[in-house]
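User: I would like to go through the assignments in this model one at a time, and to see on what grounds each of them rests.

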Amino acid sequence: MFLTPEEEKMSNGEYGETIRKSMDILIALGDIYGAEKFVDISSAQVSGVSYKTIGQAGLEYLEDLALDTKAKASIPSTLNPAGVDLDNWEELGFSEFFANKQNKIVDAYGKLGINTTCTCTPYLIGNVPRFGDHISWSESSAVAYVNSVIGARTNREGGPGALAAAICGKTPLYGFHLDENRKATLKVNVDTELKGADFGALGYAIGQIVKDGVPYFTLSENQKISNDDLKTLGAALASSGAVALYQVEGVTPEYKDVGVEELKDVVSIDSSDIKETRAKLSTSDKDADLVCLGCPHASLAEIESLAEIVKGKKIKNELWICTSINIKASADRMGYTKIIENAGGHIVCDTCMVVAPIEDLGYKVIGVNSAKAANYVPSMGGIDVKYDDVENLLIFE
Ligand code: F3S
(Lines give C-alpha, C1' and ligand atoms only; values in the text may rest on other atoms or scores of the structure.)
Protein backbone atom coordinates (compact mmCIF):
# COMPACT_ATOMS: atom_id res chain seq x y z
CA MET A 1 0.00 0.00 0.00
CA PHE A 2 1.11 3.53 -0.68
CA LEU A 3 1.71 5.43 2.59
CA THR A 4 1.99 9.20 2.93
CA PRO A 5 4.95 10.53 4.97
CA GLU A 6 2.58 11.00 7.92
CA GLU A 7 1.27 7.43 7.60
CA GLU A 8 4.89 6.18 7.47
CA LYS A 9 5.54 7.89 10.80
CA MET A 10 2.40 6.36 12.33
CA SER A 11 3.44 2.96 11.05
CA ASN A 12 7.05 3.31 12.29
CA GLY A 13 5.93 3.87 15.88
CA GLU A 14 6.84 7.57 16.00
CA TYR A 15 3.46 8.28 17.65
CA GLY A 16 3.56 5.35 20.08
CA GLU A 17 2.97 1.67 20.23
CA THR A 18 -0.85 1.62 20.00
CA ILE A 19 -0.89 3.73 16.83
CA ARG A 20 1.84 1.50 15.36
CA LYS A 21 -0.15 -1.66 16.18
CA SER A 22 -3.33 -0.08 14.76
CA MET A 23 -1.54 0.81 11.51
CA ASP A 24 -0.29 -2.81 11.29
CA ILE A 25 -3.90 -4.02 11.44
CA LEU A 26 -5.08 -1.52 8.81
CA ILE A 27 -2.16 -2.21 6.44
CA ALA A 28 -2.79 -5.97 6.76
CA LEU A 29 -6.48 -5.42 5.91
CA GLY A 30 -5.52 -3.21 2.96
CA ASP A 31 -3.12 -5.88 1.65
CA ILE A 32 -5.71 -8.66 2.00
CA TYR A 33 -8.40 -6.69 0.13
CA GLY A 34 -6.12 -5.07 -2.46
CA ALA A 35 -6.38 -1.45 -1.31
CA GLU A 36 -3.83 0.87 -2.90
CA LYS A 37 -4.01 3.57 -0.25
CA PHE A 38 -5.84 4.87 2.82
CA VAL A 39 -8.77 7.25 2.96
CA ASP A 40 -9.47 9.62 5.88
CA ILE A 41 -12.66 8.79 7.76
CA SER A 42 -15.11 10.98 9.68
CA SER A 43 -16.46 8.46 12.20
CA ALA A 44 -16.05 4.98 13.62
CA GLN A 45 -18.39 2.52 15.31
CA VAL A 46 -16.66 -0.25 17.21
CA SER A 47 -18.03 -3.74 17.93
CA GLY A 48 -16.46 -6.41 20.13
CA VAL A 49 -17.81 -5.06 23.42
CA SER A 50 -19.73 -7.82 25.17
CA TYR A 51 -17.73 -9.99 27.57
CA LYS A 52 -19.87 -12.84 26.18
CA THR A 53 -18.32 -12.44 22.74
CA ILE A 54 -14.74 -11.24 23.43
CA GLY A 55 -14.09 -12.96 26.79
CA GLN A 56 -11.03 -12.57 29.00
CA ALA A 57 -8.59 -12.46 26.08
CA GLY A 58 -10.46 -9.51 24.54
CA LEU A 59 -10.59 -7.69 27.88
CA GLU A 60 -6.82 -8.11 28.39
CA TYR A 61 -6.07 -6.97 24.80
CA LEU A 62 -8.09 -3.76 25.33
CA GLU A 63 -6.61 -3.05 28.76
CA ASP A 64 -3.15 -3.46 27.26
CA LEU A 65 -3.93 -0.97 24.44
CA ALA A 66 -5.42 1.49 26.93
CA LEU A 67 -2.13 1.60 28.91
CA ASP A 68 -0.75 3.85 26.16
CA THR A 69 -2.17 7.18 27.28
CA LYS A 70 -1.20 8.84 23.96
CA ALA A 71 -3.55 6.54 22.00
CA LYS A 72 -7.02 8.00 21.65
CA ALA A 73 -9.71 7.86 18.99
CA SER A 74 -8.90 10.71 16.62
CA ILE A 75 -12.45 11.00 15.20
CA PRO A 76 -15.97 10.73 16.72
CA SER A 77 -16.39 7.05 17.64
CA THR A 78 -19.06 5.07 19.48
CA LEU A 79 -19.38 1.57 20.92
CA ASN A 80 -21.67 -1.32 20.03
CA PRO A 81 -23.91 -2.88 22.72
CA ALA A 82 -22.32 -4.42 25.79
CA GLY A 83 -23.36 -7.63 27.56
CA VAL A 84 -25.43 -6.00 30.32
CA ASP A 85 -27.36 -2.86 31.15
CA LEU A 86 -24.42 -1.06 32.78
CA ASP A 87 -26.61 0.60 35.41
CA ASN A 88 -29.42 -1.91 36.00
CA TRP A 89 -27.70 -5.28 35.52
CA GLU A 90 -28.64 -6.52 38.99
CA GLU A 91 -32.35 -5.77 38.66
CA LEU A 92 -32.41 -7.68 35.34
CA GLY A 93 -30.74 -10.74 36.89
CA PHE A 94 -27.19 -10.58 35.47
CA SER A 95 -24.29 -11.82 37.61
CA GLU A 96 -21.88 -9.54 39.43
CA PHE A 97 -18.91 -11.42 37.92
CA PHE A 98 -20.11 -10.74 34.37
CA ALA A 99 -21.07 -7.12 35.12
CA ASN A 100 -17.62 -6.40 36.61
CA LYS A 101 -15.83 -7.83 33.57
CA GLN A 102 -18.17 -5.89 31.29
CA ASN A 103 -17.51 -2.63 33.08
CA LYS A 104 -13.75 -3.14 32.72
CA ILE A 105 -14.14 -3.59 28.95
CA VAL A 106 -16.22 -0.44 28.64
CA ASP A 107 -13.72 1.49 30.82
CA ALA A 108 -10.84 0.40 28.56
CA TYR A 109 -12.71 1.64 25.48
CA GLY A 110 -13.44 4.91 27.31
CA LYS A 111 -9.71 5.35 28.01
CA LEU A 112 -9.12 4.86 24.28
CA GLY A 113 -11.41 7.83 23.62
CA ILE A 114 -14.41 5.87 22.33
CA ASN A 115 -17.77 7.30 23.41
CA THR A 116 -19.20 4.60 25.69
CA THR A 117 -22.85 4.98 24.74
CA CYS A 118 -23.23 1.31 23.87
CA THR A 119 -25.64 1.09 20.96
CA CYS A 120 -26.09 -0.43 17.52
CA THR A 121 -28.14 2.59 16.41
CA PRO A 122 -25.59 5.38 16.96
CA TYR A 123 -27.13 7.22 13.99
CA LEU A 124 -30.11 7.95 16.29
CA ILE A 125 -27.94 9.63 18.92
CA GLY A 126 -25.44 11.85 17.20
CA ASN A 127 -22.94 9.58 15.41
CA VAL A 128 -24.47 10.60 12.08
CA PRO A 129 -22.21 10.63 9.02
CA ARG A 130 -23.07 12.75 5.99
CA PHE A 131 -23.84 11.50 2.49
CA GLY A 132 -20.62 10.34 0.82
CA ASP A 133 -18.54 10.35 4.04
CA HIS A 134 -15.97 7.58 4.39
CA ILE A 135 -16.36 5.90 7.77
CA SER A 136 -15.39 2.68 9.52
CA TRP A 137 -18.30 0.91 11.22
CA SER A 138 -18.50 -2.64 12.39
CA GLU A 139 -22.02 -3.47 13.59
CA SER A 140 -23.60 -5.14 10.56
CA SER A 141 -27.09 -3.64 10.96
CA ALA A 142 -25.61 -0.16 11.42
CA VAL A 143 -23.37 -0.67 8.38
CA ALA A 144 -26.43 -1.54 6.28
CA TYR A 145 -28.26 1.53 7.58
CA VAL A 146 -25.53 4.14 7.04
CA ASN A 147 -24.49 2.81 3.64
CA SER A 148 -28.06 2.54 2.38
CA VAL A 149 -30.25 5.10 4.13
CA ILE A 150 -27.63 7.83 4.62
CA GLY A 151 -25.31 7.09 1.70
CA ALA A 152 -22.10 7.11 3.76
CA ARG A 153 -19.40 4.57 2.83
CA THR A 154 -18.13 1.74 4.99
CA ASN A 155 -17.23 -1.91 4.70
CA ARG A 156 -18.44 -4.42 7.28
CA GLU A 157 -15.47 -3.97 9.58
CA GLY A 158 -14.47 -6.31 12.36
CA GLY A 159 -14.13 -4.86 15.87
CA PRO A 160 -10.28 -4.62 15.86
CA GLY A 161 -10.28 -3.01 12.38
CA ALA A 162 -12.83 -0.38 13.40
CA LEU A 163 -10.93 0.35 16.63
CA ALA A 164 -7.67 0.71 14.70
CA ALA A 165 -9.46 3.04 12.25
CA ALA A 166 -10.91 5.09 15.14
CA ILE A 167 -7.41 5.59 16.55
CA CYS A 168 -5.71 6.35 13.22
CA GLY A 169 -8.62 8.23 11.58
CA LYS A 170 -8.10 6.21 8.38
CA THR A 171 -9.25 3.06 6.66
CA PRO A 172 -7.97 1.19 3.58
CA LEU A 173 -9.75 2.34 0.41
CA TYR A 174 -11.54 -0.70 -1.05
CA GLY A 175 -14.97 -2.39 -1.21
CA PHE A 176 -17.98 -0.19 -0.48
CA HIS A 177 -15.82 2.94 -0.37
CA LEU A 178 -15.58 2.74 -4.18
CA ASP A 179 -18.37 3.57 -6.67
CA GLU A 180 -17.91 0.40 -8.70
CA ASN A 181 -18.76 -1.84 -5.73
CA ARG A 182 -21.97 0.00 -4.87
CA LYS A 183 -23.90 -1.19 -7.96
CA ALA A 184 -27.05 -3.28 -7.42
CA THR A 185 -26.70 -7.03 -8.03
CA LEU A 186 -30.29 -8.27 -7.64
CA LYS A 187 -33.64 -6.59 -8.34
CA VAL A 188 -36.39 -7.55 -5.90
CA ASN A 189 -39.97 -6.73 -6.86
CA VAL A 190 -42.14 -6.79 -3.75
CA ASP A 191 -45.72 -7.47 -4.83
CA THR A 192 -47.40 -7.25 -1.45
CA GLU A 193 -47.92 -4.55 1.15
CA LEU A 194 -45.66 -4.94 4.18
CA LYS A 195 -46.13 -3.96 7.81
CA GLY A 196 -44.41 -4.59 11.14
CA ALA A 197 -42.42 -7.83 11.23
CA ASP A 198 -42.95 -8.33 7.46
CA PHE A 199 -39.94 -6.06 6.83
CA GLY A 200 -37.67 -8.39 8.79
CA ALA A 201 -39.09 -11.41 6.96
CA LEU A 202 -38.42 -9.73 3.61
CA GLY A 203 -34.84 -8.95 4.61
CA TYR A 204 -34.27 -12.45 5.92
CA ALA A 205 -35.58 -14.09 2.72
CA ILE A 206 -33.59 -11.84 0.38
CA GLY A 207 -30.38 -11.97 2.46
CA GLN A 208 -30.29 -15.72 1.91
CA ILE A 209 -30.51 -15.24 -1.86
CA VAL A 210 -28.28 -12.21 -2.40
CA LYS A 211 -25.54 -13.17 0.16
CA ASP A 212 -23.03 -10.27 0.12
CA GLY A 213 -24.54 -8.59 -2.95
CA VAL A 214 -26.55 -5.37 -3.20
CA PRO A 215 -30.33 -5.87 -3.46
CA TYR A 216 -32.52 -3.22 -5.09
CA PHE A 217 -36.14 -3.24 -3.90
CA THR A 218 -39.18 -1.94 -5.70
CA LEU A 219 -42.10 -1.74 -3.29
CA SER A 220 -45.82 -1.96 -4.01
CA GLU A 221 -47.49 1.27 -5.06
CA ASN A 222 -49.01 2.44 -1.77
CA GLN A 223 -46.30 1.07 0.49
CA LYS A 224 -45.19 3.40 3.28
CA ILE A 225 -41.73 2.81 4.75
CA SER A 226 -40.29 4.56 7.83
CA ASN A 227 -36.68 4.85 8.98
CA ASP A 228 -37.50 2.22 11.61
CA ASP A 229 -38.73 -0.15 8.88
CA LEU A 230 -35.49 0.49 6.97
CA LYS A 231 -33.37 -0.34 10.02
CA THR A 232 -35.36 -3.56 10.54
CA LEU A 233 -34.97 -4.51 6.86
CA GLY A 234 -31.22 -3.78 6.85
CA ALA A 235 -30.57 -5.75 10.05
CA ALA A 236 -32.33 -8.80 8.59
CA LEU A 237 -30.47 -8.55 5.26
CA ALA A 238 -27.16 -8.20 7.10
CA SER A 239 -27.74 -11.22 9.33
CA SER A 240 -29.19 -13.85 6.97
CA GLY A 241 -26.84 -12.81 4.16
CA ALA A 242 -23.87 -10.51 4.55
CA VAL A 243 -25.50 -7.45 3.00
CA ALA A 244 -23.74 -4.13 3.65
CA LEU A 245 -25.76 -1.99 1.22
CA TYR A 246 -29.24 -2.12 -0.27
CA GLN A 247 -31.39 0.24 -2.29
CA VAL A 248 -35.11 0.99 -2.16
CA GLU A 249 -36.49 2.66 -5.27
CA GLY A 250 -37.63 6.21 -4.54
CA VAL A 251 -36.37 6.04 -0.95
CA THR A 252 -32.59 5.57 -0.53
CA PRO A 253 -30.40 8.44 -1.75
CA GLU A 254 -28.30 6.52 -4.30
CA TYR A 255 -31.01 4.38 -5.93
CA LYS A 256 -30.73 6.19 -9.29
CA ASP A 257 -26.97 5.57 -9.54
CA VAL A 258 -26.68 1.82 -9.05
CA GLY A 259 -27.27 0.53 -12.58
CA VAL A 260 -30.60 -1.21 -11.97
CA GLU A 261 -31.53 -0.97 -15.68
CA GLU A 262 -28.64 -3.33 -16.52
CA LEU A 263 -29.65 -5.98 -13.98
CA LYS A 264 -30.64 -9.39 -15.29
CA ASP A 265 -31.21 -11.07 -11.92
CA VAL A 266 -34.75 -10.35 -10.72
CA VAL A 267 -36.87 -12.04 -8.05
CA SER A 268 -40.45 -11.38 -6.98
CA ILE A 269 -41.77 -11.63 -3.45
CA ASP A 270 -45.47 -12.04 -2.69
CA SER A 271 -47.55 -12.42 0.45
CA SER A 272 -47.09 -16.19 0.60
CA ASP A 273 -43.26 -15.79 0.61
CA ILE A 274 -43.53 -13.35 3.51
CA LYS A 275 -45.90 -15.64 5.40
CA GLU A 276 -43.65 -18.65 4.87
CA THR A 277 -40.52 -16.77 6.02
CA ARG A 278 -42.31 -15.43 9.11
CA ALA A 279 -43.23 -18.99 10.06
CA LYS A 280 -39.66 -20.23 9.49
CA LEU A 281 -38.22 -17.58 11.82
CA SER A 282 -39.96 -19.07 14.89
CA THR A 283 -38.40 -22.12 16.54
CA SER A 284 -41.35 -22.49 18.96
CA ASP A 285 -45.07 -21.83 18.84
CA LYS A 286 -45.31 -21.63 22.65
CA ASP A 287 -46.00 -18.30 24.35
CA ALA A 288 -42.88 -16.23 25.00
CA ASP A 289 -41.93 -15.88 28.67
CA LEU A 290 -39.74 -12.88 27.73
CA VAL A 291 -40.70 -10.50 24.93
CA CYS A 292 -37.50 -8.72 23.91
CA LEU A 293 -37.78 -5.83 21.46
CA GLY A 294 -35.32 -3.26 20.18
CA CYS A 295 -33.15 -5.15 17.70
CA PRO A 296 -31.64 -2.94 16.32
CA HIS A 297 -31.85 -0.66 19.38
CA ALA A 298 -35.22 1.06 19.54
CA SER A 299 -35.93 4.60 18.40
CA LEU A 300 -38.04 6.98 20.48
CA ALA A 301 -40.92 6.44 18.01
CA GLU A 302 -40.80 2.67 18.60
CA ILE A 303 -40.84 3.18 22.38
CA GLU A 304 -43.77 5.59 22.00
CA SER A 305 -45.75 3.06 20.00
CA LEU A 306 -45.01 0.32 22.57
CA ALA A 307 -46.18 2.68 25.34
CA GLU A 308 -49.45 3.17 23.44
CA ILE A 309 -49.95 -0.61 23.22
CA VAL A 310 -49.35 -1.29 26.95
CA LYS A 311 -50.84 1.88 28.44
CA GLY A 312 -53.12 1.08 31.41
CA LYS A 313 -52.61 -2.69 31.04
CA LYS A 314 -50.65 -5.34 32.97
CA ILE A 315 -48.36 -7.62 30.95
CA LYS A 316 -48.13 -11.27 32.02
CA ASN A 317 -44.86 -12.11 30.24
CA GLU A 318 -41.61 -10.24 30.93
CA LEU A 319 -41.02 -7.34 28.54
CA TRP A 320 -37.72 -5.66 27.66
CA ILE A 321 -37.23 -3.00 25.03
CA CYS A 322 -33.52 -2.47 24.34
CA THR A 323 -32.10 0.94 23.46
CA SER A 324 -29.33 3.44 24.21
CA ILE A 325 -29.18 5.50 27.40
CA ASN A 326 -29.73 8.60 25.25
CA ILE A 327 -33.04 7.38 23.81
CA LYS A 328 -34.09 6.16 27.28
CA ALA A 329 -33.47 9.67 28.66
CA SER A 330 -35.90 11.03 26.04
CA ALA A 331 -38.41 8.27 26.83
CA ASP A 332 -38.16 9.19 30.54
CA ARG A 333 -38.86 12.84 29.73
CA MET A 334 -41.82 11.95 27.51
CA GLY A 335 -43.38 9.71 30.17
CA TYR A 336 -43.10 6.52 28.05
CA THR A 337 -40.77 4.79 30.53
CA LYS A 338 -43.30 5.22 33.33
CA ILE A 339 -46.14 3.85 31.19
CA ILE A 340 -44.07 0.79 30.21
CA GLU A 341 -42.86 0.21 33.78
CA ASN A 342 -46.40 0.55 35.15
CA ALA A 343 -47.45 -2.21 32.76
CA GLY A 344 -44.59 -4.40 34.09
CA GLY A 345 -42.01 -3.86 31.31
CA HIS A 346 -38.45 -2.50 31.32
CA ILE A 347 -36.52 -0.20 29.05
CA VAL A 348 -33.11 -1.89 28.96
CA CYS A 349 -30.04 0.15 28.02
CA ASP A 350 -26.64 -0.71 26.56
CA THR A 351 -27.31 -4.36 25.68
CA CYS A 352 -29.59 -6.71 23.75
CA MET A 353 -31.00 -10.23 23.64
CA VAL A 354 -28.10 -11.48 21.50
CA VAL A 355 -24.98 -10.08 23.16
CA ALA A 356 -26.26 -10.42 26.76
CA PRO A 357 -25.77 -13.80 28.50
CA ILE A 358 -29.54 -14.23 28.33
CA GLU A 359 -29.19 -18.01 28.46
CA ASP A 360 -28.22 -17.65 32.15
CA LEU A 361 -31.55 -16.05 33.10
CA GLY A 362 -33.76 -19.10 32.75
CA TYR A 363 -36.10 -17.99 29.95
CA LYS A 364 -37.45 -20.73 27.69
CA VAL A 365 -38.96 -18.85 24.74
CA ILE A 366 -38.04 -15.31 23.73
CA GLY A 367 -40.57 -13.34 21.71
CA VAL A 368 -38.94 -11.11 19.08
CA ASN A 369 -40.10 -8.92 16.21
CA SER A 370 -36.61 -8.77 14.67
CA ALA A 371 -35.43 -11.33 12.12
CA LYS A 372 -31.84 -10.69 13.21
CA ALA A 373 -32.71 -11.58 16.80
CA ALA A 374 -34.70 -14.61 15.61
CA ASN A 375 -31.64 -15.72 13.66
CA TYR A 376 -29.09 -15.32 16.47
CA VAL A 377 -30.88 -15.98 19.79
CA PRO A 378 -31.17 -19.76 19.16
CA SER A 379 -27.62 -20.06 17.79
CA MET A 380 -25.85 -17.82 20.35
CA GLY A 381 -28.03 -18.41 23.40
CA GLY A 382 -29.55 -21.85 22.71
CA ILE A 383 -33.04 -20.50 23.47
CA ASP A 384 -36.19 -20.87 21.36
CA VAL A 385 -37.72 -17.82 19.71
CA LYS A 386 -41.19 -16.85 18.62
CA TYR A 387 -41.22 -14.32 15.75
CA ASP A 388 -44.25 -12.06 15.44
CA ASP A 389 -45.55 -8.52 15.78
CA VAL A 390 -45.43 -7.17 19.30
CA GLU A 391 -49.24 -7.13 19.65
CA ASN A 392 -49.24 -10.92 19.16
CA LEU A 393 -46.30 -11.60 21.48
CA LEU A 394 -47.53 -9.75 24.56
CA ILE A 395 -50.01 -11.45 26.89
CA PHE A 396 -52.10 -9.18 29.09
CA GLU A 397 -53.84 -9.97 32.40
FE1 F3S B 1 -28.25 -4.52 17.84
FE2 F3S B 1 -28.11 -6.65 19.31
FE3 F3S B 1 -29.76 -6.58 17.30
S4 F3S B 1 -26.41 -5.46 18.63
S5 F3S B 1 -28.83 -5.24 15.82
S6 F3S B 1 -29.86 -5.29 19.13
S7 F3S B 1 -28.48 -8.29 17.84
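Analyst: A helix here is a DSSP run of H or I with at least four residues, numbered from the N terminus. The model is predicted, and under that definition helix 6 (140-150) and helix 14 each supply at least two residues of the lining of the second largest pocket.

User: What makes a residue part of the lining of the second largest pocket, and which residues are the closest to its centre?

Analyst: A lining residue has an atom within 4 Å of a point of the pocket. The second largest pocket, with a volume of about 410 Å³, is lined by 22 residues, and the closest to its centre are Asn80, Glu139, Val354, Val355 and Lys372. Helix 14 gives the largest share of this lining, three residues, and by class the lining has ten nonpolar, ten polar and two charged residues.

User: Why are helix 8 and helix 10 called roughly perpendicular?

Analyst: Helix 8 (residues 198-210) and helix 10 (residues 271-281) pack at an angle of about 90 degrees, and their axes are 9 Å apart. Angles of 65 to 115 degrees count as roughly perpendicular, and therefore helix 8 and helix 10 are described in that way. Their contact is made by Asp198, Ala201, Leu202, Tyr204 and Ala205 on the side of helix 8, and by Ile274, Thr277, Arg278 and Leu281 on the side of helix 10. Sorted by class, these are six nonpolar, one polar and two charged residues.

User: How do you know that strand 11 and strand 14 pair, and which are the edge strands of the sheet?

Analyst: Pairing asks for at least two bridges between two strands, and two bridges join strand 11 (residues 290-293) to strand 14 (residues 365-368), which run parallel. Val291 stands opposite Gly367 in strand 14. The open sheet has five strands in the order 13-12-11-14-15, with parallel pairing; its edge strands are strand 13 (346-349) and strand 15 (384-387), each of which pairs on one side only.

User: Which helix lies across strand 14 and strand 15, and at what angle does it run to strand 15?

Analyst: Helix 14 (residues 371-381) lies across these two strands and runs at about 165 degrees to strand 15. Angles over 145 degrees count as roughly antiparallel, and the value for helix 14 against strand 15, about 165 degrees, falls in that range.

User: Which helix supplies the largest share of the lining of the largest pocket?

Analyst: Helix 11 does, with five residues. The largest pocket holds about 540 Å³ of space, and among the residues closest to its centre are Glu302 and Ser305.

How values were computed
Residues numbered from 1 in each chain as written. Predicted model: local features only at pLDDT ≥ 70, side-chain atom pairs only at ≥ 80, totals over all residues. Heavy atoms only, no water. Axes fitted to C-alpha atoms, helices over the stretch in contact; angles between N-to-C directions. Parallel < 35°, antiparallel > 145°, perpendicular 65-115°, else oblique. Contact = heavy atoms within 4.5 Å. Nonpolar A, V, L, I, M, F, W, Y, C, P; charged D, E, K, R; others polar. 1 Å grid on protein atoms, 1.4 Å probe; cavity = no way out; pocket = protein on both sides within 12 Å on 5 of 7 lines; lining within 4 Å. Points joined across faces, edges and corners; volume = space filled by probe spheres on them.
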